[in-house]
Amino acid sequence: MDTFFISHGSPTLSIDERLPARHFLKSWKAKLFPTVPKAILMVSAHWDTPELAVNIINGRNDTIYDFYGFPKPMYEIKYPAPGAPELAKKVKGLLQSAGFDRVKEDKNRGLDHGAWVPLMLMYPEANIPVCQLSIQSDKDGTYHYNIGKALAPLRDDGVLIIGSGSATHNLRSLGPDHVPPPSWAVDFDKWLTETLIDGRHEDVKHYDKKAPSAKISHPQPDHFYPLHVALGAAGENAKAELIHHSWGNSSLSYSSYRFQTA
């Protein structure tokens with residue numbers, strides 16, 4: 001099964017019909033990925049922990065509103081997808097077998113908005129079991145790529161692996177939607193797409209040294225590391241495809257990618 005990186009952009013993606021990325025995600029099953037996965041492993045930028053962690057939920061996942069000052073209807077949305085405890089245990093086992101010895105089990109945490117906002121558009125029925133895996137922003141791209149490599153066997157089990165972050169993410173440089181993206185964001189976004197399509201995984205791992213405007217595009221790496229996990233899970237011979245491209249808040253790129261594994 002292929003893996004994906006989704007740029008989830010602003011939390012307003014959950015309600016704003018003007019955003020092209022919203023319509024892209026709503027067309028997910030009809031136009032892009034009609035295969036129904038057995039379960040979904042979400043690697044979200046919004047779960048950043050000192051050590052690796054998986055959520056092991058029996059029953060339904062809670063909906064976490066980890067954003068502030070947004071319109072009230074956003075806090076009324078529920079995405080009660082079933083937990084995926086068996087998948088979580090397998091994720092932990094695969095990681096430990098690959099040398100990631102410390103993997104915490106979190107039996108209370110639900111789905112943050114990096115997970116439920118795209119999923120509510122992609123799979124609105126909320127009937128596919130979902131497990132989340134955390135990132136570690138104090139590590140590097142190679143570390144997260146290797147996490148993905150360890151999880152590659154899940155693809156053969158019908159598990160859909162999704163990294164959810166943002167192709168560019170500088171909250172200090174946001175602007176109105178009608179303002180064209182700044183040159184630094186365009187440069188980084190273009191570099192990312194070209195590098196992925198060319199299969200230059202080493203450059204992606206070391207994006208902070210290889211990419212133009214890397215530091216201003218990602219002052220913190222948290223929204224980029226989910227891409228490394230998805231890419232690593234697809235494997236060194238994966239073929240990358242740009243499946244969506246749009247901008248929001250001027251400098252937020254919604255570039256999203258499919259990593260074809262066969």
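Let's start with strands S7 and S10. S7 covers residues 239–244, and 5 bridges join this strand to S10. The two run antiparallel. For one specific pairing, take Lys-239: its bridge partner in S10 is Gln-260. Keep in mind that this is a predicted model.

Stay with S10. This strand spans residues 256–260. Is S10 mostly covered or mostly open? Mostly covered: 4 of its 5 residues are buried. S10 also pairs with S1, again in the antiparallel sense, over 3 bridges. Here the residue to remember is Phe-4, whose bridge partner in S10 is Arg-258.

Phe-4 leads us to the aromatic rings. The count comes to 15 aromatic pairs. One of them is Phe-4 with Trp-28. That pair is edge-to-face. The centres are 4.8 Å apart, and the planes make 65 degrees. An angle over 60 counts as edge-to-face, so this pair qualifies. What does the pair tie together? Phe-4 sits in strand S1 and Trp-28 in helix H2, so the contact links parts that are 24 residues apart in sequence. Both rings are covered. Phe-4 is buried, with a relative accessible area of 0%. Trp-28 is buried too, at 0% relative accessibility.

Next pair: Phe-67 and Tyr-75. This one is tilted, at 5.0 Å centre to centre and 50 degrees between the planes. The two residues fall in separate exposure classes. Phe-67 counts as buried, at 3% relative accessibility. Tyr-75 counts as partly exposed, at 28%. The cut-off for buried is under 20%, so Tyr-75 misses it. Ring pairs also build a cluster here: Tyr-65, Phe-67, Phe-70, Tyr-75 and Trp-116.

Trp-116 takes us to helix H4, where this residue is among the buried ones. How many of the residues of H4 are buried? The answer is 10 of the 10, across residues 113–122, so the helix is largely enclosed by the rest of the structure. The list runs from His-113 and Gly-114 through to Leu-121 and Met-122. Val-117, Pro-118 and Leu-119 are in there as well.

What covers those residues? On the strand side, the cover includes S1 (3–7), S2 (39–48), S5 (130–135) and S6 (159–165). Helices H1 (20–26) and H2 (28–32) contribute too. And the N-terminal end of H4 has a cap. Asp-112 supplies it, with a side-chain oxygen 2.9 Å from the backbone nitrogen of Gly-114.

Now S2, one of the strands covering H4. In S2, 8 of the 10 residues are buried, so this strand is also largely enclosed by the rest of the structure. Which strands does S2 pair with in the parallel sense? S6 is one, over 6 bridges. In S6, Leu-160 is the bridge partner of Ile-40. S5 is another, over 5 bridges. There, Met-42 stands opposite Gln-132.

Last stop: lysines over rings. Look at Lys-139 first. Lys-139 lies over the face of Tyr-143, at 5.5 Å from the ring centre. Then find Lys-205. This lysine lies over the face of Tyr-145, at 4.3 Å from the ring centre.

To recap: S10 pairs with S7 and with S1. Phe-4 bridges to Arg-258 and forms a ring pair with Trp-28. H4 is buried at 10 of its 10 residues. S2 runs parallel to S6 and to S5.

Note on methods:
Residues numbered from 1 in each chain as written. Predicted model: local features only at pLDDT ≥ 70, side-chain atom pairs only at ≥ 80, totals over all residues. Heavy atoms only, no water. Buried < 20%, exposed > 50% of the residue type's maximum accessible area, 1.4 Å probe, protein only. Contact = heavy atoms within 4.5 Å. Polar contact = N/O pair within 3.5 Å; in protein donor to acceptor, adjacent residues only side chain to side chain. Pairing = 2+ DSSP bridges. Phe/Tyr/Trp six-rings, centres within 6.5 Å; stacked < 30°, edge-to-face > 60°. Lys NZ or Arg CZ within 6 Å of the ring centre and 35° of its normal.
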